[in-house]
Amino acid sequence: MAILGLSSMNHYSLRKRGIFMLKLICFTLTVFIFCEFLIYYVVIIQCHWPKLKNQTLGTNKQNSHSVLKTIFLSDPHLLGRINGHWLDKLRREWQMERAFQTALWLLQPEIVFILGDIFDEGKWSSSQAWSDDVRRYQKIFWHPDHTEVFGIVGNHDIGFHYEMTSFKLERFSKVFNFSSEKIITRKGINFLIVNSVALEGDGCIICRTAEAKLIELSHQLNCSLKEQNQYKKSCSNVDKVPISAPILLQHYPLYRRSDSECTGEDSVSLEKKNDPFREKYDVLSQEASHKKVHSGISFFKEIFTHKYNHKVIYARGAFLCLQDILSLGDILPLL
(Lines give C-alpha, C1' and ligand atoms only; values in the text may rest on other atoms or scores of the structure.)
Protein backbone atom coordinates (compact mmCIF):
# COMPACT_ATOMS: atom_id res chain seq x y z
CA MET A 1 0.00 0.00 0.00
CA ALA A 2 2.85 2.37 0.85
CA ILE A 3 4.54 1.63 -2.48
CA LEU A 4 1.28 2.20 -4.37
CA GLY A 5 0.71 5.51 -2.59
CA LEU A 6 4.24 6.69 -3.36
CA SER A 7 3.80 5.76 -7.03
CA SER A 8 0.55 7.75 -7.21
CA MET A 9 2.24 10.79 -5.66
CA ASN A 10 5.13 10.59 -8.13
CA HIS A 11 2.67 10.34 -11.03
CA TYR A 12 0.73 13.34 -9.75
CA SER A 13 3.95 15.32 -9.27
CA LEU A 14 5.15 14.50 -12.79
CA ARG A 15 1.76 15.40 -14.23
CA LYS A 16 1.74 18.71 -12.38
CA ARG A 17 5.28 19.44 -13.54
CA GLY A 18 4.32 18.57 -17.12
CA ILE A 19 1.33 20.95 -17.02
CA PHE A 20 3.57 23.71 -15.66
CA MET A 21 6.12 23.16 -18.43
CA LEU A 22 3.36 23.19 -21.05
CA LYS A 23 2.03 26.49 -19.68
CA LEU A 24 5.55 27.94 -19.64
CA ILE A 25 6.15 26.90 -23.27
CA CYS A 26 2.78 28.35 -24.35
CA PHE A 27 3.52 31.60 -22.49
CA THR A 28 7.00 31.84 -24.03
CA LEU A 29 5.66 31.20 -27.54
CA THR A 30 2.91 33.79 -27.03
CA VAL A 31 5.42 36.42 -25.89
CA PHE A 32 7.76 35.54 -28.77
CA ILE A 33 4.99 35.79 -31.40
CA PHE A 34 3.76 39.08 -29.97
CA CYS A 35 7.21 40.67 -29.68
CA GLU A 36 8.54 39.43 -33.02
CA PHE A 37 5.41 39.64 -35.19
CA LEU A 38 2.27 41.19 -33.70
CA ILE A 39 3.91 44.23 -32.09
CA TYR A 40 4.59 45.72 -35.53
CA TYR A 41 0.90 45.56 -36.43
CA VAL A 42 -0.11 47.04 -33.06
CA VAL A 43 2.20 50.04 -33.56
CA ILE A 44 1.87 50.69 -37.30
CA ILE A 45 -1.91 50.27 -37.39
CA GLN A 46 -2.06 53.49 -35.36
CA CYS A 47 -0.60 55.32 -38.35
CA HIS A 48 -2.98 56.45 -41.05
CA TRP A 49 -3.03 58.61 -44.13
CA PRO A 50 -4.30 62.18 -43.63
CA LYS A 51 -7.82 62.97 -44.71
CA LEU A 52 -7.43 65.58 -47.42
CA LYS A 53 -10.17 67.87 -48.56
CA ASN A 54 -10.93 67.94 -52.25
CA GLN A 55 -10.11 71.57 -52.91
CA THR A 56 -11.45 71.48 -56.45
CA LEU A 57 -14.92 70.32 -55.53
CA GLY A 58 -14.95 71.91 -52.10
CA THR A 59 -15.96 68.65 -50.44
CA ASN A 60 -14.39 66.23 -47.97
CA LYS A 61 -14.42 63.40 -50.48
CA GLN A 62 -10.99 62.07 -51.38
CA ASN A 63 -10.15 61.28 -54.96
CA SER A 64 -7.83 58.26 -55.00
CA HIS A 65 -6.68 59.16 -58.50
CA SER A 66 -5.28 62.52 -57.33
CA VAL A 67 -3.75 61.41 -54.02
CA LEU A 68 -0.29 59.86 -53.99
CA LYS A 69 0.45 57.70 -50.96
CA THR A 70 4.17 58.07 -50.31
CA ILE A 71 6.44 56.75 -47.56
CA PHE A 72 9.79 58.39 -46.82
CA LEU A 73 12.43 56.31 -45.02
CA SER A 74 16.00 57.19 -44.20
CA ASP A 75 19.28 55.64 -43.08
CA PRO A 76 18.69 51.88 -42.80
CA HIS A 77 22.48 51.45 -42.47
CA LEU A 78 22.55 47.74 -43.24
CA LEU A 79 25.68 46.54 -41.45
CA GLY A 80 28.55 45.09 -43.46
CA ARG A 81 31.30 42.54 -42.90
CA ILE A 82 33.73 44.85 -41.13
CA ASN A 83 31.64 46.55 -38.43
CA GLY A 84 28.65 44.22 -38.35
CA HIS A 85 28.49 41.30 -35.90
CA TRP A 86 26.30 38.49 -37.23
CA LEU A 87 23.97 38.53 -34.20
CA ASP A 88 23.57 42.30 -34.36
CA LYS A 89 22.83 42.10 -38.09
CA LEU A 90 20.30 39.33 -37.54
CA ARG A 91 18.43 41.32 -34.89
CA ARG A 92 18.44 44.66 -36.74
CA GLU A 93 17.54 43.26 -40.13
CA TRP A 94 14.70 41.14 -38.77
CA GLN A 95 13.21 44.22 -37.09
CA MET A 96 13.61 46.32 -40.24
CA GLU A 97 12.08 43.64 -42.43
CA ARG A 98 9.07 43.11 -40.18
CA ALA A 99 8.51 46.87 -39.81
CA PHE A 100 8.77 47.52 -43.55
CA GLN A 101 6.65 44.57 -44.65
CA THR A 102 3.98 45.37 -42.05
CA ALA A 103 3.87 49.00 -43.18
CA LEU A 104 3.47 47.90 -46.81
CA TRP A 105 0.64 45.53 -45.89
CA LEU A 106 -1.27 47.96 -43.67
CA LEU A 107 -0.64 51.29 -45.41
CA GLN A 108 -0.50 50.13 -49.04
CA PRO A 109 1.79 52.95 -50.28
CA GLU A 110 2.18 53.56 -54.00
CA ILE A 111 5.76 54.76 -53.79
CA VAL A 112 8.57 54.57 -51.22
CA PHE A 113 11.69 56.75 -51.11
CA ILE A 114 14.70 55.65 -49.05
CA LEU A 115 16.68 58.82 -48.50
CA GLY A 116 20.23 57.52 -48.43
CA ASP A 117 22.67 55.54 -46.30
CA ILE A 118 20.98 52.30 -47.27
CA PHE A 119 24.26 50.53 -46.49
CA ASP A 120 26.70 51.23 -43.70
CA GLU A 121 29.89 50.14 -45.47
CA GLY A 122 29.18 50.85 -49.14
CA LYS A 123 31.91 53.47 -49.09
CA TRP A 124 34.62 50.81 -48.69
CA SER A 125 33.01 47.39 -49.33
CA SER A 126 34.55 44.98 -51.84
CA SER A 127 32.56 43.68 -54.81
CA GLN A 128 31.76 40.45 -52.97
CA ALA A 129 30.72 42.26 -49.79
CA TRP A 130 28.63 44.67 -51.86
CA SER A 131 26.80 41.78 -53.56
CA ASP A 132 26.03 40.25 -50.16
CA ASP A 133 24.72 43.56 -48.83
CA VAL A 134 22.52 44.01 -51.90
CA ARG A 135 21.09 40.50 -51.51
CA ARG A 136 20.12 41.24 -47.90
CA TYR A 137 18.64 44.60 -48.88
CA GLN A 138 16.45 42.99 -51.53
CA LYS A 139 15.13 40.51 -48.97
CA ILE A 140 14.39 43.11 -46.30
CA PHE A 141 12.82 45.67 -48.64
CA TRP A 142 10.97 43.26 -50.91
CA HIS A 143 7.89 44.90 -52.39
CA PRO A 144 5.07 43.94 -54.75
CA ASP A 145 5.08 45.18 -58.33
CA HIS A 146 2.38 47.77 -57.67
CA THR A 147 4.62 49.55 -55.12
CA GLU A 148 7.66 51.47 -56.38
CA VAL A 149 10.76 51.78 -54.20
CA PHE A 150 13.47 54.33 -55.02
CA GLY A 151 16.86 54.39 -53.29
CA ILE A 152 18.68 57.72 -53.06
CA VAL A 153 22.43 57.77 -52.59
CA GLY A 154 24.01 58.74 -49.27
CA ASN A 155 27.55 59.26 -48.03
CA HIS A 156 27.76 55.76 -46.51
CA ASP A 157 26.70 54.27 -49.85
CA ILE A 158 29.45 55.87 -51.93
CA GLY A 159 31.60 57.71 -49.38
CA PHE A 160 31.89 61.35 -48.41
CA HIS A 161 32.75 63.80 -51.14
CA TYR A 162 36.48 63.08 -51.20
CA GLU A 163 35.88 59.30 -51.04
CA MET A 164 33.22 59.33 -53.78
CA THR A 165 34.25 57.75 -57.08
CA SER A 166 32.50 57.08 -60.37
CA PHE A 167 32.85 53.34 -59.74
CA LYS A 168 30.97 53.51 -56.41
CA LEU A 169 28.29 55.77 -57.88
CA GLU A 170 27.76 53.52 -60.91
CA ARG A 171 27.64 50.43 -58.67
CA PHE A 172 24.88 52.03 -56.61
CA SER A 173 23.04 53.27 -59.70
CA LYS A 174 22.89 49.79 -61.28
CA VAL A 175 21.24 48.26 -58.22
CA PHE A 176 18.77 51.04 -57.49
CA ASN A 177 18.23 52.41 -60.98
CA PHE A 178 19.45 55.66 -59.45
CA SER A 179 20.29 58.54 -61.68
CA SER A 180 21.73 61.65 -60.09
CA GLU A 181 19.61 64.69 -60.74
CA LYS A 182 16.45 63.42 -62.39
CA ILE A 183 12.74 64.11 -62.16
CA ILE A 184 10.24 61.41 -61.21
CA THR A 185 6.64 62.38 -61.84
CA ARG A 186 3.70 60.54 -60.31
CA LYS A 187 0.10 61.80 -60.40
CA GLY A 188 1.21 65.29 -61.37
CA ILE A 189 3.76 65.54 -58.55
CA ASN A 190 7.39 66.17 -59.50
CA PHE A 191 10.11 64.65 -57.32
CA LEU A 192 13.59 65.94 -58.06
CA ILE A 193 16.23 63.37 -57.06
CA VAL A 194 19.63 64.83 -56.16
CA ASN A 195 22.99 63.35 -55.23
CA SER A 196 23.73 65.62 -52.27
CA VAL A 197 27.27 64.22 -51.89
CA ALA A 198 28.04 65.99 -55.19
CA LEU A 199 26.91 69.41 -53.91
CA GLU A 200 30.37 70.32 -52.68
CA GLY A 201 30.80 73.12 -55.21
CA ASP A 202 34.52 72.48 -55.74
CA GLY A 203 34.32 71.66 -59.45
CA CYS A 204 35.06 67.93 -59.24
CA ILE A 205 34.03 65.88 -62.28
CA ILE A 206 30.99 64.32 -60.59
CA CYS A 207 30.07 67.71 -59.09
CA ARG A 208 30.25 69.48 -62.45
CA THR A 209 28.09 66.80 -64.05
CA ALA A 210 25.52 67.12 -61.27
CA GLU A 211 25.43 70.90 -61.51
CA ALA A 212 25.02 70.81 -65.29
CA LYS A 213 22.16 68.34 -64.97
CA LEU A 214 20.46 70.51 -62.35
CA ILE A 215 20.63 73.51 -64.69
CA GLU A 216 19.10 71.37 -67.45
CA LEU A 217 16.28 70.20 -65.16
CA SER A 218 15.71 73.75 -63.97
CA HIS A 219 15.19 74.77 -67.60
CA GLN A 220 12.79 71.87 -68.09
CA LEU A 221 10.74 72.93 -65.05
CA ASN A 222 10.65 76.55 -66.16
CA CYS A 223 9.55 75.53 -69.65
CA SER A 224 6.67 73.57 -68.15
CA LEU A 225 5.08 76.73 -66.75
CA LYS A 226 2.38 78.01 -69.10
CA GLU A 227 2.98 81.63 -68.16
CA GLN A 228 6.66 81.48 -69.08
CA ASN A 229 6.13 82.94 -72.56
CA GLN A 230 9.70 84.17 -72.74
CA TYR A 231 10.87 80.55 -72.91
CA LYS A 232 8.78 79.62 -75.95
CA LYS A 233 11.64 79.46 -78.43
CA SER A 234 14.14 77.76 -76.13
CA CYS A 235 11.51 75.29 -74.92
CA SER A 236 10.44 73.95 -78.31
CA ASN A 237 12.39 70.69 -77.90
CA VAL A 238 12.01 70.30 -74.14
CA ASP A 239 9.88 67.54 -72.63
CA LYS A 240 7.30 69.17 -70.38
CA VAL A 241 6.40 67.95 -66.90
CA PRO A 242 3.20 68.67 -64.96
CA ILE A 243 2.95 72.15 -63.52
CA SER A 244 3.75 71.69 -59.84
CA ALA A 245 6.48 72.90 -57.54
CA PRO A 246 9.19 70.21 -57.45
CA ILE A 247 9.94 68.37 -54.24
CA LEU A 248 13.69 67.89 -53.88
CA LEU A 249 14.76 64.58 -52.34
CA GLN A 250 18.31 64.02 -51.14
CA HIS A 251 20.31 62.64 -48.26
CA TYR A 252 21.92 65.48 -46.34
CA PRO A 253 19.63 67.60 -44.14
CA LEU A 254 19.09 71.30 -44.60
CA TYR A 255 21.52 73.67 -43.00
CA ARG A 256 20.93 74.44 -39.35
CA ARG A 257 23.37 75.54 -36.69
CA SER A 258 22.37 72.81 -34.24
CA ASP A 259 19.42 70.76 -33.02
CA SER A 260 18.51 73.45 -30.48
CA GLU A 261 15.15 74.10 -32.16
CA CYS A 262 14.24 70.44 -32.61
CA THR A 263 11.32 69.30 -30.49
CA GLY A 264 9.48 66.10 -29.71
CA GLU A 265 9.77 63.20 -27.31
CA ASP A 266 12.39 61.50 -29.49
CA SER A 267 14.56 64.54 -30.12
CA VAL A 268 18.25 64.62 -29.28
CA SER A 269 19.21 64.83 -25.59
CA LEU A 270 19.46 68.27 -23.98
CA GLU A 271 23.25 68.13 -23.56
CA LYS A 272 23.69 67.60 -27.32
CA LYS A 273 21.07 70.02 -28.63
CA ASN A 274 23.51 72.91 -28.90
CA ASP A 275 26.35 70.96 -30.51
CA PRO A 276 27.21 72.91 -33.69
CA PHE A 277 26.84 71.25 -37.08
CA ARG A 278 29.52 71.48 -39.77
CA GLU A 279 28.50 72.65 -43.22
CA LYS A 280 29.10 70.16 -46.05
CA TYR A 281 29.63 67.40 -43.48
CA ASP A 282 26.77 67.17 -41.00
CA VAL A 283 24.41 69.36 -43.02
CA LEU A 284 24.16 71.05 -46.40
CA SER A 285 25.77 74.43 -46.87
CA GLN A 286 23.59 77.47 -46.27
CA GLU A 287 23.59 78.21 -49.99
CA ALA A 288 22.36 74.74 -50.94
CA SER A 289 19.77 74.72 -48.14
CA HIS A 290 17.89 77.62 -49.68
CA LYS A 291 16.74 75.20 -52.37
CA LYS A 292 14.47 73.68 -49.73
CA VAL A 293 15.14 69.99 -49.70
CA HIS A 294 13.09 67.29 -48.03
CA SER A 295 16.04 65.27 -46.79
CA GLY A 296 16.99 62.35 -44.62
CA ILE A 297 19.94 61.58 -42.31
CA SER A 298 18.14 62.95 -39.25
CA PHE A 299 19.39 60.57 -36.60
CA PHE A 300 16.71 61.54 -34.12
CA LYS A 301 13.00 61.39 -34.78
CA GLU A 302 12.27 65.07 -34.30
CA ILE A 303 10.28 67.45 -36.43
CA PHE A 304 12.35 70.43 -37.46
CA THR A 305 10.83 73.36 -39.31
CA HIS A 306 12.90 75.26 -41.87
CA LYS A 307 11.56 78.63 -42.91
CA TYR A 308 12.77 80.40 -46.01
CA ASN A 309 10.90 83.11 -47.89
CA HIS A 310 7.79 82.45 -45.76
CA LYS A 311 7.60 78.87 -46.98
CA VAL A 312 7.77 75.94 -44.57
CA ILE A 313 9.11 72.43 -45.02
CA TYR A 314 9.31 69.63 -42.47
CA ALA A 315 12.37 67.37 -42.31
CA ARG A 316 11.49 64.16 -40.52
CA GLY A 317 13.58 61.34 -39.10
CA ALA A 318 13.59 57.73 -40.16
CA PHE A 319 10.56 55.44 -39.84
CA LEU A 320 7.99 57.60 -38.13
CA CYS A 321 4.24 57.50 -38.04
CA LEU A 322 3.56 58.37 -41.63
CA GLN A 323 0.48 60.57 -41.56
CA ASP A 324 2.54 63.76 -41.51
CA ILE A 325 3.42 63.64 -45.19
CA LEU A 326 4.21 66.99 -46.75
CA SER A 327 1.38 68.86 -48.34
CA LEU A 328 2.58 68.22 -51.85
CA GLY A 329 2.70 71.23 -54.12
CA ASP A 330 3.30 74.90 -53.29
CA ILE A 331 6.28 73.91 -51.16
CA LEU A 332 9.31 74.43 -53.31
CA PRO A 333 10.16 77.22 -55.72
CA LEU A 334 11.58 76.48 -59.13
CA LEU A 335 15.35 76.34 -59.26
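**Close-up views of a predicted protein model**

The protein exposes about 19700 Å², and carbon and sulfur atoms supply 58% of that area. The model is predicted.

**View 1. The whole chain combines seven helices with nine strands.** The protein has 335 residues, and buried residues make up 45% of them. Now look at contacts between residues with a separation of 6 or more. Residues 24 or more positions apart account for 71% of these contacts.

**View 2. The largest nonpolar core has 46 residues.** Which residues have the most contacts inside this core? They are Phe113, Tyr137, Phe191 and Leu249. Take Tyr137 as an example. Leaving aside neighbours within four places in sequence, Tyr137 is in contact with Leu78, Ile114, Ile118, Phe119, Val149 and Phe176. A second, separate core has five residues, including Leu192, Leu214, Leu217 and Leu248.

**View 3. Three strands form an open sheet in the order β1-β2-β3.** The pairing is parallel. Strands of a sheet pair through backbone hydrogen bonds. β1 (70-73) and β3 (148-151) stand at the edges. Each has a single partner strand, so one side of each is left without a neighbour in the sheet. Neighbouring strands of this sheet are turned by 15° against each other on average, direction ignored. β1 and β2 (residues 111-114) are joined by four bridges. One residue to find is Leu73, whose bridge partner in β2 is Ile114.

**View 4. Asp88 and Arg91 meet in a salt bridge within helix α2.** The structure holds ten salt bridges. Side chains of opposite charge can pair when their charged atoms come close. Here the N to O distance is 3.0 Å. The two residues are three residues apart in helix α2 (residues 86-107), about one turn of the helix. Are they buried, partly exposed or exposed? Asp88 counts as partly exposed, at 22% relative accessibility. Arg91 also counts as partly exposed, at 45%.

**View 5. Glu93 forms a salt bridge with Arg136.** The closest N and O atoms are 2.4 Å apart. Glu93 lies in helix α2 and Arg136 in helix α3 (residues 127-140), so the pair ties together parts that are 43 residues apart in sequence. Glu93 is buried, with a relative accessible area of 14%. Arg136 counts as buried too, at 8%.

**View 6. Arg136 also forms a salt bridge with Asp133.** Their closest N and O atoms are 2.6 Å apart. Both residues lie in helix α3, three residues apart, about one turn of the helix. Both are buried. A network of salt bridges links Glu93, Asp132, Asp133, Arg135 and Arg136.

Notes. Residues are numbered from 1 along each chain as its sequence is written. This is a predicted model: local features need pLDDT of at least 70, side-chain atom pairs count only at pLDDT 80 or more; totals for chains, interfaces and linings use all residues. Side-chain values use heavy atoms; hydrogens and water are left out. Buried means under 20% relative accessible area, exposed over 50%, partly exposed in between (1.4 Å probe, protein chains only). Contact means heavy atoms within 4.5 Å. Accessible areas come from the Shrake-Rupley method with a 1.4 Å probe; for residues, only the protein chains shown count as cover. A nonpolar core is a set of buried Ala, Val, Leu, Ile, Met, Phe, Trp, Tyr and Cys residues joined through side-chain atoms within 4.5 Å. Two strands pair if DSSP finds at least two bridges between them. Axes are lines fitted to C-alpha atoms, for helices over the stretch in contact, and angles run from 0 to 180 degrees between N-to-C directions. A salt bridge is a side-chain nitrogen of Lys or Arg within 4 Å of a carboxyl oxygen of Asp or Glu.
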